[in-house]
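Here is a quick walk through one protein model, written for someone who likes to check things in a viewer. Have the structure open while you read.

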Amino acid sequence: MMSDRLYYSDSSRTEFDAVVVEGRRVGDRPAVVLDASAFYPTSGGQPFDTGTLGEARVIEVVESESGEVLHVLDREIPAGQPVRGQIDWVRRFDHMQQHTGQHILSAALDKLCDARTVSFHLGAEVSTVDLAIPLSEMEIAAAESEANRVVWEDRPVRIRFVDEAEAAALPLRKEPDRAGTLRVIDVDGYDLSACGGTHVERSGAIGVIAVLSAERLRGGTRLEFVCGGRALRSLRRFREAVAGCIRHVSVAPEELPAAVERLQADAKDQRKLAKGLQERLAGFEAAALAAAAEEVNGRRQVVQAIEGQDQNGLKAMALAICSNPGFSVALLSTASPAVAVVARSRDVTLDSASVLKALMTEFGGRGGGRPDLAQGGGLTGELGAMLARTRELFGKGQA
Ligand SMILES: [Zn+2]
């Protein structure tokens with residue numbers, strides 16, 4: 001049976017008495033159909049209401065294929081039981097603000113820019129309208145201003161029920177997609193739309209309509225917007241973010257983009273400078289390491305843990321040492337997990353890749369390379385043990 005939808009004629013009603021007509025299941029949860037209900041089921045881009053039915057919590061409200069309102073509950077309620085329904089007003093009112101705001105914003109976009117609203121989605125954080133055509137920033141700003149003017153004029157928002165003949169004579173913003181009696185939302189003197197959702201009673205209750213972003217989408221435009229309480233929360237969020245930025249770079253809010261751009265350019269220069277210095281330092285350190293190399297079986301060997309160098313730095317050092325003849329080199333970072341670079345001079349017979357592979361078999365990590373140069377990372381273990389094992393492998397590899 002079709003339950004009486006109390007929100008159709010009164011969106012502000014938060015309490016009602018009803019009788020459970022039938023018990024159902026939605027997925028693995030119990031659900032009930034009532035003889036009358038003020039709960040809004042998810043439809044037309046607007047999410048469901050929450051609240052309670054007696055002791056039971058209403059966790060979701062959906063419309064069945066035949067148009068029944070199914071209240072999904074956290075516990076069973078037997079058929080025949082009378083219940084008192086209570087709507088979560090904070091959530092309902094938020095949806096009313098967003099949804100009525102959408103009517104006015106869509107009407108303004110339609111009137112000023114000839115941009116028809118193709119779809120609407122009321123999200124948990126922001127809502128979106130998809131418009132049929134591309135729009136410029138200026139057009140969007142003009143529609144946003146006009147929509148807010150209509151909000152501040154505090155126009156009555158009425159609910160009208162009309163039959164098909166009456167509907168045909170009304171200047172509805174959008175062709176109705178259903179026959180029979182239509183529920184029309186009338187923003188006094190501004191917009192007439194067939195809609196089954198919940199709306200505020202006067203436009204002033206929307207507070208403010210703020211477009212947050214616009215993007216091109218399938219030849220049209222998607223606008224993200226917030227109304228009322230959400231707009232205030234957005235403002236607070238932006239205010240905190242801007243204040244947080246300003247604490248670090250002391251400029252006026254409108255100068256932030258340029259300041260961030262400057263910081264990025266500076267950081268890029270610094271990285272370039274640091275890289276150059278790191279390479280030069282690696283050259284000096286490499287020379288020192290080469291001078292202090294151990295003599296093993298007539299070959300010069302450098303097996304060292306190096307502090308403060310990343311993989312690129314270690315590689316640069318290893319290559320610098322091996323540009324001289326007669327060297328076998330293994331450099332490990334002191335950071336854990338460790339980075340390892342194994343290399344040899346051109347005249348030395350040693351397979352760097354198999355030395356690294358043997359190290360990784362024991363200490364883990366990933367990497368690889370060629371006989372003259374191999375590098376890896378993610379080696380974990382005691383640094384002394386890694387160095388000792390490398391010396392051992394060098395001994396074998398060069399025998
Ligand atoms: Zn609506």
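Where does G27 lie? G27 is in the loop between β2 (15-26) and β3 (29-34). Keep in mind throughout that this is a predicted model.

## Starting at G27

G27 has a relative accessible area of 72%, so it counts as exposed, the cut-off being over 50%. Pick V72 as a partner and you get a C-alpha to C-alpha distance of 9.5 Å, with the two positions 45 residues apart in sequence.

## Domains

The chain is split into domain 1 (4-87), domain 2 (93-236) and domain 3 (279-396). If you take the C-alpha centres of domain 1 and domain 3, they sit 70 Å apart.

A residue pair gives another long distance to try in the viewer. F39 belongs to the loop between β4 (36-37) and β5 (51-53), and at a relative accessible area of 0% F39 is buried. From the C-alpha of F39 to that of L314 it is 66 Å in space, and the two are 275 residues apart in sequence.

## The zinc site

Which protein atoms are the donors of the zinc ion? They are NE2 of H99, NE2 of H103, SG of C195 and NE2 of H199, at 2.0 to 2.2 Å from the ion. The angles among the four donor atoms run from 97 to 120°, and the site is tetrahedral. For that label, all angles have to lie between 85 and 135 degrees, so this site qualifies.

Along the chain, the donors are spaced as H-x3-H-x91-C-x3-H. H103 is in helix α1, while C195 is in the loop between β13 and β14 (209-217), so this pair ties together parts that are 92 residues apart in sequence. Are these two donors buried or exposed? H103 has 2% relative accessibility and counts as buried. C195 is buried as well, at a relative accessible area of 16%.

## The largest pocket

If you're looking for a place to set up a grid, the largest pocket has a volume of about 830 Å³. It is lined by 30 residues, and the closest to its centre are G44, D177, A194, C195 and G196. One of those, C195, is also a donor of the zinc ion.

Why does this pocket lie between two domains? Domain 1 (4-87) and domain 2 (93-236) both contribute residues to the lining, so the pocket lies between them.

As for which elements take part, α1 (89-113), β9 (117-122), β12 (182-187) and β13 (191-194) each supply at least two lining residues. The largest share, four residues, comes from β9. By residue type, the lining divides into eleven nonpolar, eleven polar and eight charged residues.

## A closer look at β9

F120 is found in strand β9. With 13% relative accessibility, F120 counts as buried, since the cut-off is under 20%. Its C-alpha is 7.9 Å from that of Q102, and the two residues are 18 apart along the chain.

## Backbone geometry worth checking

Two aspartates have a positive phi although they aren't glycines. For D114, phi is about 60°; D114 is in the loop between α1 and β9, and it is exposed, with a relative accessible area of 62%. For D154, phi is about 50°. D154 is placed in the loop between α2 (137-152) and β11 (157-162), and at 31% relative accessible area it is partly exposed.

There is also a cis peptide bond to look at, joining S336 and P337, with omega about 0°. P337 is in the loop between β18 (327-333) and β19 (338-344).

Strand β18 also holds S328. S328 counts as buried at 0% relative accessibility. The C-alpha atoms of S328 and M360 are 18 Å apart in space, with the residues 32 apart in sequence.

Note on methods
Residues numbered from 1 in each chain as written. Predicted model: local features only at pLDDT ≥ 70, side-chain atom pairs only at ≥ 80, totals over all residues. Heavy atoms only, no water. 1 Å grid on protein atoms, 1.4 Å probe; cavity = no way out; pocket = protein on both sides within 12 Å on 5 of 7 lines; lining within 4 Å. Points joined across faces, edges and corners; volume = space filled by probe spheres on them. Nonpolar A, V, L, I, M, F, W, Y, C, P; charged D, E, K, R; others polar. Domains from an automatic or database assignment. Donors = N, O, S within 2.8 Å, 3.2 Å for Na, K, Ca; no water. Tetrahedral: all angles 85-135°; square planar, octahedral: opposite > 155°, others 65-115°. Buried < 20%, exposed > 50% of the residue type's maximum accessible area, 1.4 Å probe, protein only.
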